[in-house]
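Subject: Structure for your review

Dear colleague,

Please find below the structure that I am handing over to you. I would be grateful if you could read the notes that follow alongside it.

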Amino acid sequence: PLKNNTTALRCQFFAVKIQSKLTQKNKQNERRKNMEILTDLGSKIFSIFDAVLGMELTSEVIPMLIMWAIGGLLIYLAIAKDMEPTLLLPMGFGTILVNLPNALLEGVISEHGAIEILYNAGVANELFPLLLFIGIGAMIDFGPLLANPKLMIFGAAAQFGIFFTLTVASLFFPINEAASIAIIGAADGPTSIFVATALNSQYIGAIIVAAYSYMALVPIVQPPVIKLLTTKKERKIRMKYEGKAVSKRTRILFPIIVSIIAGIVSPQSAVLIGFLMFGNLIRECGVLDSLSETAQKVLANLITILLGITVARNMNAEAFLTIETALILGLGLVAFIFDTAGGVLFAKFLNLFLPEGKKFNPMIGAAGISAFPMSSRVVHKLGLEEDNQNFLLMHATGVNVSGQVASVIAGGMILKFFG
(Lines give C-alpha, C1' and ligand atoms only; values in the text may rest on other atoms or scores of the structure.)
Protein backbone atom coordinates (compact mmCIF):
# COMPACT_ATOMS: atom_id res chain seq x y z
CA PRO A 1 0.00 0.00 0.00
CA LEU A 2 2.85 2.37 0.84
CA LYS A 3 4.44 1.74 -2.57
CA ASN A 4 1.12 2.37 -4.31
CA ASN A 5 0.66 5.65 -2.40
CA THR A 6 4.15 6.80 -3.37
CA THR A 7 3.48 6.00 -7.03
CA ALA A 8 0.17 7.88 -6.86
CA LEU A 9 1.85 10.94 -5.31
CA ARG A 10 4.51 10.95 -8.02
CA CYS A 11 1.87 10.72 -10.72
CA GLN A 12 -0.03 13.60 -9.10
CA PHE A 13 3.16 15.68 -8.86
CA PHE A 14 3.98 15.18 -12.54
CA ALA A 15 0.38 15.92 -13.51
CA VAL A 16 0.48 19.21 -11.61
CA LYS A 17 3.83 20.07 -13.19
CA ILE A 18 2.54 19.34 -16.68
CA GLN A 19 -0.61 21.38 -15.98
CA SER A 20 1.51 24.30 -14.75
CA LYS A 21 3.62 24.24 -17.93
CA LEU A 22 0.49 24.13 -20.07
CA THR A 23 -0.95 27.10 -18.16
CA GLN A 24 2.27 29.10 -18.64
CA LYS A 25 2.29 28.24 -22.34
CA ASN A 26 -1.36 29.33 -22.66
CA LYS A 27 -0.55 32.62 -20.93
CA GLN A 28 2.38 33.20 -23.27
CA ASN A 29 0.16 32.51 -26.27
CA GLU A 30 -2.44 34.87 -24.88
CA ARG A 31 0.15 37.63 -24.37
CA ARG A 32 1.44 37.07 -27.91
CA LYS A 33 -2.09 37.36 -29.32
CA ASN A 34 -2.72 40.55 -27.29
CA MET A 35 0.51 42.08 -28.58
CA GLU A 36 -0.49 41.18 -32.13
CA ILE A 37 -3.88 42.80 -31.61
CA LEU A 38 -2.31 45.99 -30.15
CA THR A 39 0.25 46.12 -32.95
CA ASP A 40 -2.48 45.70 -35.53
CA LEU A 41 -4.61 48.37 -33.81
CA GLY A 42 -1.65 50.74 -33.68
CA SER A 43 -0.87 50.22 -37.35
CA LYS A 44 -4.50 50.89 -38.23
CA ILE A 45 -4.50 54.11 -36.20
CA PHE A 46 -1.29 55.22 -37.89
CA SER A 47 -2.73 54.36 -41.30
CA ILE A 48 -5.82 56.46 -40.49
CA PHE A 49 -3.61 59.47 -39.79
CA ASP A 50 -1.67 58.84 -42.95
CA ALA A 51 -4.50 57.94 -45.37
CA VAL A 52 -7.55 59.80 -44.04
CA LEU A 53 -6.00 62.90 -42.52
CA GLY A 54 -2.88 63.03 -44.63
CA MET A 55 -0.72 63.14 -41.52
CA GLU A 56 2.30 61.19 -40.32
CA LEU A 57 3.32 60.53 -36.74
CA THR A 58 5.57 63.51 -36.27
CA SER A 59 6.48 65.79 -33.38
CA GLU A 60 3.25 67.68 -34.11
CA VAL A 61 0.96 64.66 -33.96
CA ILE A 62 2.36 63.00 -30.83
CA PRO A 63 1.48 65.98 -28.55
CA MET A 64 -2.04 65.86 -29.98
CA LEU A 65 -2.34 62.20 -29.00
CA ILE A 66 -1.04 63.04 -25.52
CA MET A 67 -3.73 65.71 -25.13
CA TRP A 68 -6.37 63.21 -26.23
CA ALA A 69 -5.08 60.92 -23.48
CA ILE A 70 -5.28 63.78 -20.94
CA GLY A 71 -8.84 64.53 -22.07
CA GLY A 72 -9.68 60.85 -21.70
CA LEU A 73 -8.14 60.84 -18.21
CA LEU A 74 -10.30 63.80 -17.14
CA ILE A 75 -13.40 62.03 -18.44
CA TYR A 76 -12.37 58.84 -16.62
CA LEU A 77 -11.84 60.69 -13.32
CA ALA A 78 -15.24 62.37 -13.71
CA ILE A 79 -17.14 59.15 -14.42
CA ALA A 80 -15.24 56.39 -12.63
CA LYS A 81 -13.97 58.36 -9.61
CA ASP A 82 -16.76 60.98 -9.36
CA MET A 83 -14.20 63.80 -9.20
CA GLU A 84 -15.98 67.10 -9.93
CA PRO A 85 -17.87 65.40 -12.83
CA THR A 86 -19.92 68.46 -13.79
CA LEU A 87 -16.73 70.27 -14.77
CA LEU A 88 -14.06 67.63 -15.50
CA LEU A 89 -16.25 65.69 -17.95
CA PRO A 90 -17.02 68.65 -20.28
CA MET A 91 -13.47 69.89 -19.82
CA GLY A 92 -12.06 66.49 -20.81
CA PHE A 93 -14.26 66.31 -23.87
CA GLY A 94 -13.40 69.90 -24.78
CA THR A 95 -9.69 69.04 -24.48
CA ILE A 96 -10.10 66.31 -27.10
CA LEU A 97 -12.17 68.62 -29.27
CA VAL A 98 -9.68 71.51 -29.37
CA ASN A 99 -6.81 69.13 -30.14
CA LEU A 100 -8.30 67.68 -33.30
CA PRO A 101 -6.16 67.97 -36.44
CA ASN A 102 -6.13 71.43 -37.98
CA ALA A 103 -8.25 70.26 -40.89
CA LEU A 104 -11.11 69.50 -38.48
CA LEU A 105 -10.91 72.58 -36.27
CA GLU A 106 -12.58 75.12 -38.54
CA GLY A 107 -15.88 75.12 -36.66
CA VAL A 108 -14.39 74.64 -33.18
CA ILE A 109 -11.76 77.23 -32.25
CA SER A 110 -11.41 79.31 -35.37
CA GLU A 111 -12.38 82.96 -35.16
CA HIS A 112 -16.05 82.10 -35.72
CA GLY A 113 -15.90 78.63 -34.10
CA ALA A 114 -18.42 77.62 -31.44
CA ILE A 115 -15.95 77.33 -28.55
CA GLU A 116 -14.24 80.60 -29.45
CA ILE A 117 -17.62 82.39 -29.46
CA LEU A 118 -18.56 80.89 -26.08
CA TYR A 119 -15.15 81.77 -24.65
CA ASN A 120 -15.40 85.40 -25.69
CA ALA A 121 -19.02 85.62 -24.52
CA GLY A 122 -18.57 84.04 -21.08
CA VAL A 123 -14.96 83.56 -19.98
CA ALA A 124 -12.92 86.37 -21.54
CA ASN A 125 -15.38 88.91 -20.07
CA GLU A 126 -15.66 86.92 -16.76
CA LEU A 127 -19.45 86.51 -17.10
CA PHE A 128 -19.70 82.72 -16.58
CA PRO A 129 -17.85 82.69 -13.21
CA LEU A 130 -20.04 85.51 -11.92
CA LEU A 131 -23.27 83.77 -12.95
CA LEU A 132 -21.98 80.61 -11.28
CA PHE A 133 -21.48 82.58 -8.07
CA ILE A 134 -25.22 83.30 -7.99
CA GLY A 135 -25.89 79.56 -7.99
CA ILE A 136 -23.23 78.90 -5.34
CA GLY A 137 -24.63 81.66 -3.12
CA ALA A 138 -28.10 80.13 -3.39
CA MET A 139 -26.68 76.78 -2.22
CA ILE A 140 -24.90 78.07 0.90
CA ASP A 141 -26.55 78.12 4.31
CA PHE A 142 -24.72 80.67 6.46
CA GLY A 143 -26.72 79.60 9.54
CA PRO A 144 -23.84 77.73 11.29
CA LEU A 145 -21.58 80.77 10.81
CA LEU A 146 -24.21 83.27 11.97
CA ALA A 147 -24.86 81.13 15.06
CA ASN A 148 -21.14 81.32 15.92
CA PRO A 149 -19.62 84.38 14.18
CA LYS A 150 -16.17 84.00 15.75
CA LEU A 151 -15.55 81.09 13.37
CA MET A 152 -15.06 83.68 10.61
CA ILE A 153 -11.44 84.21 11.72
CA PHE A 154 -10.52 80.66 10.70
CA GLY A 155 -11.75 81.28 7.17
CA ALA A 156 -9.34 84.21 6.96
CA ALA A 157 -6.42 82.25 8.46
CA ALA A 158 -6.85 79.41 5.95
CA GLN A 159 -6.04 81.75 3.06
CA PHE A 160 -2.39 81.77 4.14
CA GLY A 161 -1.52 79.29 1.38
CA ILE A 162 -2.52 81.82 -1.30
CA PHE A 163 0.02 84.42 -0.20
CA PHE A 164 2.73 81.88 0.61
CA THR A 165 2.36 80.37 -2.88
CA LEU A 166 2.39 83.87 -4.40
CA THR A 167 5.82 84.41 -2.86
CA VAL A 168 7.16 81.07 -4.12
CA ALA A 169 5.58 81.34 -7.58
CA SER A 170 7.06 84.82 -8.10
CA LEU A 171 10.50 83.16 -8.17
CA PHE A 172 9.54 81.32 -11.37
CA PHE A 173 6.85 83.43 -13.07
CA PRO A 174 6.04 87.10 -13.78
CA ILE A 175 4.05 88.62 -10.94
CA ASN A 176 0.68 88.53 -12.74
CA GLU A 177 1.16 84.82 -13.50
CA ALA A 178 2.34 84.15 -9.93
CA ALA A 179 -0.80 85.84 -8.60
CA SER A 180 -3.00 83.80 -10.95
CA ILE A 181 -1.33 80.57 -9.80
CA ALA A 182 -1.53 81.51 -6.12
CA ILE A 183 -5.31 81.86 -6.28
CA ILE A 184 -5.51 78.08 -6.80
CA GLY A 185 -5.18 78.09 -3.01
CA ALA A 186 -8.61 79.70 -2.78
CA ALA A 187 -9.94 76.16 -3.40
CA ASP A 188 -12.68 77.81 -5.42
CA GLY A 189 -12.86 77.13 -9.15
CA PRO A 190 -14.91 80.19 -10.20
CA THR A 191 -12.63 82.52 -8.23
CA SER A 192 -9.56 80.97 -9.88
CA ILE A 193 -11.09 81.42 -13.34
CA PHE A 194 -12.19 84.99 -12.62
CA VAL A 195 -8.81 86.12 -11.24
CA ALA A 196 -6.70 84.29 -13.86
CA THR A 197 -8.80 85.78 -16.66
CA ALA A 198 -8.68 89.27 -15.17
CA LEU A 199 -4.89 89.04 -14.90
CA ASN A 200 -4.61 87.79 -18.52
CA SER A 201 -2.85 84.58 -17.51
CA GLN A 202 -1.58 82.46 -20.38
CA TYR A 203 -1.76 79.36 -18.16
CA ILE A 204 -5.47 79.45 -17.42
CA GLY A 205 -5.97 75.85 -18.60
CA ALA A 206 -3.39 74.44 -16.17
CA ILE A 207 -4.68 76.67 -13.37
CA ILE A 208 -8.25 75.43 -13.78
CA VAL A 209 -7.19 71.78 -13.97
CA ALA A 210 -5.15 72.22 -10.78
CA ALA A 211 -7.89 74.10 -8.92
CA TYR A 212 -10.67 71.62 -9.61
CA SER A 213 -8.48 68.52 -9.31
CA TYR A 214 -7.20 69.46 -5.86
CA MET A 215 -10.71 70.43 -4.75
CA ALA A 216 -11.80 66.90 -5.59
CA LEU A 217 -8.72 65.51 -3.80
CA VAL A 218 -9.39 67.34 -0.52
CA PRO A 219 -10.23 64.04 1.28
CA ILE A 220 -6.78 62.76 0.27
CA VAL A 221 -4.69 65.94 0.63
CA GLN A 222 -5.96 67.29 3.97
CA PRO A 223 -5.91 64.35 6.45
CA PRO A 224 -2.12 63.75 6.35
CA VAL A 225 -1.44 67.48 6.86
CA ILE A 226 -3.92 67.70 9.75
CA LYS A 227 -2.50 64.62 11.48
CA LEU A 228 1.07 65.86 11.03
CA LEU A 229 0.29 69.18 12.75
CA THR A 230 -1.94 67.93 15.60
CA THR A 231 -1.57 65.50 18.48
CA LYS A 232 -4.03 62.74 19.26
CA LYS A 233 -5.08 64.69 22.36
CA GLU A 234 -5.79 67.81 20.30
CA ARG A 235 -7.85 65.84 17.77
CA LYS A 236 -10.00 64.57 20.64
CA ILE A 237 -10.94 68.07 21.87
CA ARG A 238 -14.71 68.35 22.03
CA MET A 239 -16.44 71.60 21.20
CA LYS A 240 -19.85 72.22 22.64
CA TYR A 241 -22.34 73.25 19.99
CA GLU A 242 -25.16 75.58 20.94
CA GLY A 243 -27.72 75.52 18.20
CA LYS A 244 -28.77 79.15 18.40
CA ALA A 245 -31.72 80.14 16.28
CA VAL A 246 -30.85 82.65 13.59
CA SER A 247 -33.67 85.05 12.76
CA LYS A 248 -34.89 85.56 9.22
CA ARG A 249 -34.03 89.26 9.50
CA THR A 250 -30.40 88.37 10.29
CA ARG A 251 -30.22 85.95 7.37
CA ILE A 252 -31.53 88.64 5.00
CA LEU A 253 -29.30 91.43 6.32
CA PHE A 254 -26.13 89.30 6.33
CA PRO A 255 -25.57 89.15 2.52
CA ILE A 256 -26.38 92.85 2.18
CA ILE A 257 -24.00 93.95 4.96
CA VAL A 258 -21.18 91.64 3.80
CA SER A 259 -21.46 93.03 0.26
CA ILE A 260 -21.18 96.60 1.54
CA ILE A 261 -18.23 95.88 3.86
CA ALA A 262 -16.36 93.85 1.23
CA GLY A 263 -16.93 96.60 -1.34
CA ILE A 264 -15.40 99.18 1.02
CA VAL A 265 -12.49 97.06 2.26
CA SER A 266 -11.65 95.39 -1.06
CA PRO A 267 -13.39 97.13 -3.98
CA GLN A 268 -12.05 94.62 -6.51
CA SER A 269 -13.91 91.84 -4.69
CA ALA A 270 -17.22 93.73 -4.73
CA VAL A 271 -18.52 92.10 -7.91
CA LEU A 272 -17.48 88.60 -6.76
CA ILE A 273 -18.93 88.98 -3.26
CA GLY A 274 -21.94 90.83 -4.67
CA PHE A 275 -22.99 88.01 -6.99
CA LEU A 276 -22.33 85.38 -4.30
CA MET A 277 -24.40 87.27 -1.74
CA PHE A 278 -27.13 88.06 -4.26
CA GLY A 279 -27.59 84.32 -4.75
CA ASN A 280 -27.76 83.87 -0.96
CA LEU A 281 -30.30 86.69 -0.66
CA ILE A 282 -32.51 84.91 -3.20
CA ARG A 283 -32.29 81.83 -0.98
CA GLU A 284 -33.05 83.57 2.31
CA CYS A 285 -35.66 86.15 1.34
CA GLY A 286 -38.44 83.54 1.37
CA VAL A 287 -40.41 84.94 -1.55
CA LEU A 288 -38.31 83.64 -4.45
CA ASP A 289 -38.21 79.91 -3.72
CA SER A 290 -38.63 78.95 -7.38
CA LEU A 291 -35.79 81.28 -8.44
CA SER A 292 -33.62 79.95 -5.61
CA GLU A 293 -34.17 76.38 -6.77
CA THR A 294 -33.46 77.38 -10.37
CA ALA A 295 -30.22 79.12 -9.36
CA GLN A 296 -29.06 76.13 -7.29
CA LYS A 297 -29.78 73.51 -9.93
CA VAL A 298 -30.50 74.68 -13.47
CA LEU A 299 -28.34 77.83 -13.57
CA ALA A 300 -25.36 76.36 -11.68
CA ASN A 301 -25.32 73.14 -13.70
CA LEU A 302 -25.79 74.84 -17.08
CA ILE A 303 -23.05 77.42 -16.45
CA THR A 304 -20.68 74.73 -15.13
CA ILE A 305 -21.14 72.66 -18.30
CA LEU A 306 -20.56 75.66 -20.56
CA LEU A 307 -17.62 76.77 -18.44
CA GLY A 308 -16.00 73.33 -18.58
CA ILE A 309 -16.13 72.86 -22.33
CA THR A 310 -15.25 76.52 -22.98
CA VAL A 311 -12.13 76.84 -20.81
CA ALA A 312 -10.79 73.80 -22.67
CA ARG A 313 -9.99 76.34 -25.40
CA ASN A 314 -6.74 76.91 -23.48
CA MET A 315 -5.93 73.19 -23.32
CA ASN A 316 -4.22 72.93 -26.70
CA ALA A 317 -1.02 70.89 -26.76
CA GLU A 318 1.29 73.81 -27.49
CA ALA A 319 0.16 75.75 -24.41
CA PHE A 320 -0.41 72.85 -22.00
CA LEU A 321 2.47 70.40 -22.56
CA THR A 322 5.15 72.54 -20.94
CA ILE A 323 7.40 72.50 -17.88
CA GLU A 324 5.38 75.45 -16.59
CA THR A 325 2.24 73.31 -16.43
CA ALA A 326 3.97 70.73 -14.21
CA LEU A 327 5.27 73.56 -12.02
CA ILE A 328 1.78 75.05 -11.74
CA LEU A 329 0.34 71.70 -10.66
CA GLY A 330 3.04 71.43 -8.00
CA LEU A 331 2.48 74.98 -6.75
CA GLY A 332 -1.26 74.34 -6.60
CA LEU A 333 -0.63 71.44 -4.25
CA VAL A 334 1.64 73.65 -2.15
CA ALA A 335 -1.16 76.23 -1.91
CA PHE A 336 -3.67 73.63 -0.67
CA ILE A 337 -1.24 72.20 1.89
CA PHE A 338 -0.33 75.59 3.34
CA ASP A 339 -4.00 76.71 3.40
CA THR A 340 -4.74 73.68 5.55
CA ALA A 341 -1.65 74.24 7.70
CA GLY A 342 -2.48 77.93 8.17
CA GLY A 343 -5.94 77.20 9.54
CA VAL A 344 -4.75 74.42 11.87
CA LEU A 345 -1.77 76.35 13.24
CA PHE A 346 -3.89 79.45 13.83
CA ALA A 347 -6.33 77.41 15.94
CA LYS A 348 -3.39 75.97 17.92
CA PHE A 349 -2.09 79.51 18.47
CA LEU A 350 -5.45 80.70 19.85
CA ASN A 351 -5.59 77.71 22.19
CA LEU A 352 -2.48 79.02 23.96
CA PHE A 353 -4.62 81.81 25.42
CA LEU A 354 -7.83 79.87 26.08
CA PRO A 355 -8.73 77.96 29.26
CA GLU A 356 -9.61 74.26 29.30
CA GLY A 357 -13.16 73.70 28.13
CA LYS A 358 -12.99 76.71 25.80
CA LYS A 359 -10.27 75.50 23.46
CA PHE A 360 -10.85 74.93 19.74
CA ASN A 361 -10.27 71.59 18.13
CA PRO A 362 -7.41 72.63 15.79
CA MET A 363 -8.78 70.46 12.99
CA ILE A 364 -11.66 72.86 12.33
CA GLY A 365 -9.10 75.42 11.11
CA ALA A 366 -8.45 73.17 8.12
CA ALA A 367 -12.07 73.60 7.03
CA GLY A 368 -11.37 77.27 6.33
CA ILE A 369 -10.52 76.52 2.71
CA SER A 370 -13.33 77.15 0.28
CA ALA A 371 -13.87 73.51 -0.79
CA PHE A 372 -17.45 73.36 0.49
CA PRO A 373 -18.75 71.03 1.92
CA MET A 374 -15.95 68.47 1.38
CA SER A 375 -13.50 70.00 3.83
CA SER A 376 -16.00 70.18 6.70
CA ARG A 377 -16.88 66.53 6.13
CA VAL A 378 -13.19 65.56 6.22
CA VAL A 379 -12.73 67.31 9.57
CA HIS A 380 -15.88 65.74 11.00
CA LYS A 381 -14.76 62.27 9.91
CA LEU A 382 -11.30 62.71 11.46
CA GLY A 383 -12.92 63.79 14.71
CA LEU A 384 -15.07 60.66 14.80
CA GLU A 385 -12.04 58.47 14.12
CA GLU A 386 -10.43 59.70 17.34
CA ASP A 387 -13.61 59.83 19.42
CA ASN A 388 -16.89 58.43 18.09
CA GLN A 389 -18.81 60.96 20.17
CA ASN A 390 -16.88 64.01 18.95
CA PHE A 391 -19.25 65.75 16.53
CA LEU A 392 -17.48 68.63 14.77
CA LEU A 393 -19.67 68.93 11.67
CA MET A 394 -21.53 72.12 12.57
CA HIS A 395 -18.38 73.91 13.76
CA ALA A 396 -16.48 72.78 10.66
CA THR A 397 -19.37 73.83 8.41
CA GLY A 398 -19.37 77.33 9.94
CA VAL A 399 -15.64 77.62 9.25
CA ASN A 400 -16.10 76.18 5.76
CA VAL A 401 -18.69 78.75 4.66
CA SER A 402 -16.58 81.54 6.15
CA GLY A 403 -13.75 80.25 3.96
CA GLN A 404 -16.02 80.66 0.94
CA VAL A 405 -16.37 84.37 1.70
CA ALA A 406 -12.73 84.82 2.71
CA SER A 407 -11.42 83.19 -0.49
CA VAL A 408 -13.44 85.59 -2.64
CA ILE A 409 -12.14 88.56 -0.65
CA ALA A 410 -8.60 87.19 -1.05
CA GLY A 411 -9.20 87.02 -4.81
CA GLY A 412 -10.26 90.65 -4.74
CA MET A 413 -7.10 91.62 -2.82
CA ILE A 414 -4.97 89.80 -5.42
CA LEU A 415 -6.68 91.83 -8.16
CA LYS A 416 -6.25 95.06 -6.17
CA PHE A 417 -2.48 94.63 -5.80
CA PHE A 418 -1.61 92.96 -9.09
CA GLY A 419 -4.51 93.69 -11.45
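The notes below cover salt bridges, aromatic pairs and surface patches, in that order. Please bear in mind that this is a predicted model.

Salt bridges

The count of salt bridges comes to 10. One of them joins R251 to D141, with the closest N and O atoms 2.8 Å apart. This pair links distant parts of the chain, since R251 belongs to helix α14 while D141 sits in the loop between α5 (127–139) and α6, 110 residues apart. D141 has a relative accessible area of 29%, so it is classed as partly exposed.

R251 also forms a salt bridge with E284, where the closest N and O atoms are 3.4 Å apart. Because R251 lies in helix α14 and E284 in helix α15 (residues 270–284), this pair ties together parts that are 33 residues apart in sequence. Through shared partners, salt bridges join D141, R251, R283 and E284 into one network. Within that network, is E284 buried or exposed? E284 has a relative accessible area of 11%, and it is therefore buried, the cut-off being under 20%.

A further salt bridge is formed by K227 and E385, whose closest N and O atoms are 3.9 Å apart. K227 is in helix α12 (residues 218–229) and E385 is in helix α19 (residues 374–386); the pair links distant parts of the chain, 158 residues apart. Both partners are partly exposed: K227 has a relative accessibility of 40%, and E385 has a relative accessible area of 48%.

Aromatic pairs

The structure contains 10 aromatic pairs. In the pair of F160 and F338, the ring centres are 6.3 Å apart and the planes stand at 50 degrees, so the pair counts as tilted. It links distant parts of the chain, with F160 in helix α8 (residues 160–169) and F338 in helix α18 (residues 323–351), 178 residues apart. F160 is partly exposed at a relative accessible area of 41%, and F338 is partly exposed at 29%.

F173 and Y203 form another pair, with ring centres 5.6 Å apart; the planes are at 75 degrees, so the geometry is edge-to-face. F173 lies in the loop between α8 and α9 (175–182), and Y203 lies in the loop between α10 (189–198) and α11 (204–216), so the pair ties together parts that are 30 residues apart in sequence. Are these two residues, F173 and Y203, buried or exposed? Both F173 and Y203 are buried.

In addition, F154, F346 and F360 are linked into a cluster by ring pairs.

Surface patches

Which residues form the nonpolar patch on the surface? The patch consists of L253, I256, I257, I260, I261, I264 and V265, which together have about 670 Å² of accessible area. Of these, I260 may serve as an example: I260 is found in helix α14 (residues 248–265), and with a relative accessible area of 52% it is exposed. Helix α14 is also where R251 of the salt-bridge network lies.

A positive surface patch is formed by K150, K240, K244 and K358. K150 is located in the loop between α6 (143–147) and α7 (152–157). With a relative accessibility of 47%, K150 counts as partly exposed.

Yours sincerely

Notes:
Residues numbered from 1 in each chain as written. Predicted model: local features only at pLDDT ≥ 70, side-chain atom pairs only at ≥ 80, totals over all residues. Heavy atoms only, no water. Patch = residues over 30% accessible without salt bridge, like charges linked within 9 Å, V, L, I, M, F, W, Y side chains within 5 Å. Areas by Shrake-Rupley, 256 points an atom, 1.4 Å probe, with all protein chains shown as cover. Salt bridge = Lys/Arg side-chain N within 4 Å of Asp/Glu carboxyl O. Lys, Arg positive; Asp, Glu negative; His and termini not counted. Charge placed at Lys NZ, Arg CZ, Asp CG, Glu CD. Helix = DSSP H or I, 4+ residues; strand = E, 2+ residues; numbered from the N terminus. Buried < 20%, exposed > 50% of the residue type's maximum accessible area, 1.4 Å probe, protein only. Phe/Tyr/Trp six-rings, centres within 6.5 Å; stacked < 30°, edge-to-face > 60°.
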